[in-house]
Protein chains: 2
Amino acid sequence: MVDKQAVELCEDSCAGTDTDLSTVKNRMVDEASAAELAEMFKALGDPTRVKLIGALLINELCVHDLCVLLDMGQSAVSHQLRYLRNLRIVKRRKAGKTVYYSLDDAHIEQIFSLTLQHLKHSH
Amino acid sequence: MVDKQAVELCEDSCAGTDTDLSTVKNRMVDEASAAELAEMFKALGDPTRVKLIGALLINELCVHDLCVLLDMGQSAVSHQLRYLRNLRIVKRRKAGKTVYYSLDDAHIEQIFSLTLQHLKHSH
DNA sequence: TTAACATATGAATATTTGTTCATTCGTTGT
DNA sequence: ACAACGAATGAACAAATATTCATATGTTAA
């Protein structure tokens, strides 16, 4: 009872922001969408993967070239490429021994460059 | 020597993709930008923070209300809000005992909704 | 088949991260 | 001053993560 009252007191005070909580709750992103969004952003939330995507934004490239460009071990690069591939951010094409990677998702480029712009315009 | 040749052989084979590595390297996102991009995306790469932002996208809200909306402890919410505030994704306004949070960055909304669209249109 | 090579993968490890718990900091009302 | 409340914080812990190492695939050439 004491607890409930405390909650209500706060809800009252916050009602001053012109909407009540149930309205916000209804318009909020649902659990599933939140999870998907987070999963997507998490994939982009690592310097190595950002660089991989940044490189593939310019050109289709094989694993070895990505290793040279990022100055990283082959295994590490391969693991991250698999990660990106599982999320369909990146796709691969085999040609003999070498495997070429490229972006699988046009939206990534938009999201990527939109955020790049944002960073440039925020001193 | 043997190693160098191996590298060159691979570079040769990859030259077939119409650009050479030095050209790609020059056009690639630099280390600093990659780090900033990753930092930004990492902030968005967690379900809790996605939900927080999702709620604040609709309305300015106090910590307690966010706790109720997300069904989470006050401490956890507060920690995540600080995280978002350090990256200037979110800002706060004090009013007596309660602190109201809102989005600090218009770009976030763009990035957020662009990615939401993307998720909706990918079966 | 054998050797050489490009890539993939599993296990191990060190680091990072999200939440909880306990406590503290400010503010308001008594 | 005191108690009550909303929010912030630091330490601790469990879970997730990125890289390395060693090894395994699969492909090509000899």
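**Protein and DNA contacts in a predicted model**

A phosphate oxygen of DNA strand D is 2.7 Å from an N or O atom in the side chain of Arg49(A). This is a predicted model, in which local features need pLDDT of at least 70 and side-chain atom pairs count only at pLDDT 80 or more, while totals for chains, interfaces and linings use all residues. Side-chain values use heavy atoms, without hydrogens and water.

User: Which side chain has an N or O atom 2.6 Å from a base oxygen of DNA strand D?

Analyst: Phosphate oxygens of DNA strand D lie 2.8 Å from a side-chain N or O atom of Thr48(A) and 2.7 Å from one of Arg49(A). The base oxygen, in contrast, has its 2.6 Å partner atom in the side chain of Ser75(B).

User: Which element gives the most residues to the surface near DNA strand D?

Analyst: A residue is near the strand if one of its heavy atoms lies within 4 Å of it. By class, this surface has 8 nonpolar, 11 polar and 7 charged residues. The element that gives the most, with 5 residues, is H6(B).

User: With which residue does Glu31(A) form a salt bridge?

Analyst: A salt bridge is a side-chain nitrogen of Lys or Arg within 4 Å of a carboxyl oxygen of Asp or Glu. The rule finds 2 salt bridges across the interface of chain A and chain B. For Glu31(A), the closest N and O atoms are 2.7 Å apart, and the partner is Lys51(B).

Notes: Residues are numbered from 1 along each chain as its sequence is written. Chains are lettered from A and ligands numbered from 1 in the order in which they are written. A polar contact is a pair of N or O atoms within 3.5 Å; within protein, one must be able to donate a hydrogen and the other to accept it, and residues adjacent in sequence count only if both atoms are side-chain atoms. Helices (H or I, at least four residues) and strands (E, at least two) are DSSP runs, numbered from the N terminus. Ala, Val, Leu, Ile, Met, Phe, Trp, Tyr, Cys and Pro count as nonpolar, Asp, Glu, Lys and Arg as charged, and the others, Gly among them, as polar.
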